[in-house]
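Here's a quick briefing to read with the model open in your viewer. Have a look at the fold, then work through the notes by topic.

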Amino acid sequence: MMKRRNTHTLNGDSLHPEQTKDSNITLPLSLSSAHSKNQDGSKVSRRILFCVKVAIIFVLAVQTLAYFCENRLTNLTRKQQRRWYTPVPKMSRGLFTGTKHLARYLEPRNYVLTSNQTEAEYVWGHAHWHVHLDTLKPWQRANHLPRENLLSDKGIFLENMIEHKARTGESVDFLPETYRLYDKKDKRRFLDRLANGGMDESWVSKRPHVDGGKGVKFLGPNSKELHVFAKSLQSDPNFGGKSHSSSARLIIQKYVNGLLPYHGRKFDLRVYCLVASSVPFVVFYHDGTLRVSLSKYDENDFSSQQAHLTNWSAQKAAQGTSKNADEARASFKDLASYLEEYVSQNPRVSHIKDPISHVRDQIKDALATVAHVYRDLSFSVNVKNHGRKMCSAENGFAFLGADFMVDSDLKVWITEMQSGPGTSHDSKTTRRNFALVLPGLFEILKEVRAREMSGEPISEMESPNTWELIYKDNFRFTYSGDNGGS
């Protein structure tokens, strides 16, 4: 019986190189190698496919876990937030202490003015020392935060901004050239500055711890006043103050030349800043008004100090009447029209397509920087003094004023920050402005309170009305100069 060959052929050739018992034919080696390579390639492909499948499964697993953790953490945060904040007693909801000007806008919105600070949901005082933060109940909210005075003191404000610039390298070019005369090194630097061309320039001397135009002196170039001032600095070691706590301390700033006048008169901008929540930190901006001098403006004529002051209190005192209040104020709408005309007539600034937004966005950028610097210095309810919390409330807010000048290139310059700005109603313009500022402010506070109670993240707030968000966790308004703030 003939044995069957244990071979397989392809086109008459054997697929195996080994010999059979019945034949001495040897299979070609090239075909054997090709087959082996095909098998190896198939194994590699299967391994790659397996690795891709494993990678896809791994990615999906990670995404699923991340989604679960994110939602779990969000829920935990909301629950923790609800536990952090004490509910307002029913009898105190909507009660506030404050001025008649504040009541004028809040009472039509179902808020009730009370003289009893201990039962008010919102405690409003003009100055920070009018509110005793350490006596507040956990659920009460006051319009001042601990160490707010560090912001409104011009000397300390300058120190902190310069320190921030030195530490981070970040520009603070919205600050005029300034020297603290109560600091020995700064005093020497200023004297050196005078010796190197500074006598040919204009300067402004200020008492850093007062406002309302008090303690301000303008020193013209090579004027008698400037020479006397310089001589006093050189001869009297106490002139300008000896320390940060001295009541006689002074700062001196270079007068910003080339300021843009408003219809021939000097002006500055009073704008507003709201720290809506201390924990977490959320800050808003609001347009204010133009404060306009009643005198014709000539930057080279310092014979009349009043022509260089825009503060209404100082002007009212100088003229002995408040009859011209409407002439001393203008709105941002008025300024927008004025700037449009100014830009159209001045080729140097004709590239600025939206001048009012250009000015506004510079201000918002500067205030966002200030908020960033002072976040922990002045705006935390958890600040302690000698181991004791300065504020007994769980959260708080701050209503701040800021003053800016605008030069002929439409660059802005900050002159001061103010804790507890006045809510004067002397003019129609200020009344119209506060009709937006104050109710809008309390709308924001109401939303903050609602988020405290519901657990919705306060840090996710947006701009709800005419107030504009400029700072919160993971967001800080910046402006590069092209009308494109972000």
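The notes below go through strands, helix packing, backbone oddities and a few single residues.

Keep in mind that this is a predicted model. A good place to start is β12 (282-296), where 12 of the 15 residues are buried, so the strand is largely enclosed by the rest of the structure. After that, take a look at the α8 and α9 pair, which pack with their axes 8 Å apart.

**β12 and its partners**

- β11 (265-277) comes just before the loop that leads to β12, and the two strands pair in the antiparallel sense over 10 bridges.
- To get the register of that pairing, find L269, which stands opposite L290 in β12.
- The link from β11 to β12 is a hairpin of four residues.
- That connection also holds a cis peptide bond, running from V279 to P280 with omega near -5 degrees; P280 is in the loop between the two strands.
- β12 also runs antiparallel to β18 (residues 468-472), joined to it by three bridges, and here V283 stands opposite Y471.
- Another antiparallel partner of β12 is β13 (residues 329-331), again over three bridges; R291 faces R329 of β13 in this pairing.

**The parallel sheet**

- Elsewhere, four strands make an open sheet with parallel pairing, in the order β4-β3-β5-β6.
- β4 and β6 (141-142) are at the edges with a single partner strand each, so one side of each has no neighbour in the sheet.
- The partner of β6 is β5 (residues 122-123), and they pair in the parallel sense over two bridges.
- In that pairing, V123 of β5 sits opposite A142 of β6.

**Helix packing: α8 against α9**

- α8 (residues 332-345) packs on α9 (residues 355-374) at an angle of about 120 degrees, and the two helices are therefore oblique to each other.
- On the α8 side, F332, L335, A336, L339, E340 and V343 make the contact, and α9 answers with P355, I356, V359 and R360.
- Sorted by type, the residues of this contact come out as eight nonpolar, two charged and no polar.

**Positive phi outside glycine**

- N110 has phi near 70 degrees, a positive value in a residue other than glycine. You'll find N110 in the loop between α2 (100-106) and β4 (112-113), and at 69% relative accessibility it counts as exposed.
- H386 is not a glycine either, yet it has a positive phi of about 55 degrees. H386 is in the loop between β14 (384-385) and β15 (388-389), and with 80% relative accessibility it counts as exposed.

**A buried serine and two cysteines**

- S205 is part of strand β8 (residues 203-206). Its relative accessibility is 3%, so S205 counts as buried.
- What does S205 touch, leaving aside its neighbours within four places in sequence? The contacts are G215, V216, K217, F229, L250, I251 and I252.
- C273 is buried, with a relative accessible area of 4%, and C391 is buried too, at 2%.
- The count of disulfides comes to zero.

Technical notes: Residues numbered from 1 in each chain as written. Predicted model: local features only at pLDDT ≥ 70, side-chain atom pairs only at ≥ 80, totals over all residues. Heavy atoms only, no water. Buried < 20%, exposed > 50% of the residue type's maximum accessible area, 1.4 Å probe, protein only. Contact = heavy atoms within 4.5 Å. Axes fitted to C-alpha atoms, helices over the stretch in contact; angles between N-to-C directions. Parallel < 35°, antiparallel > 145°, perpendicular 65-115°, else oblique. Nonpolar A, V, L, I, M, F, W, Y, C, P; charged D, E, K, R; others polar. Disulfide = S-S within 2.5 Å. Pairing = 2+ DSSP bridges.
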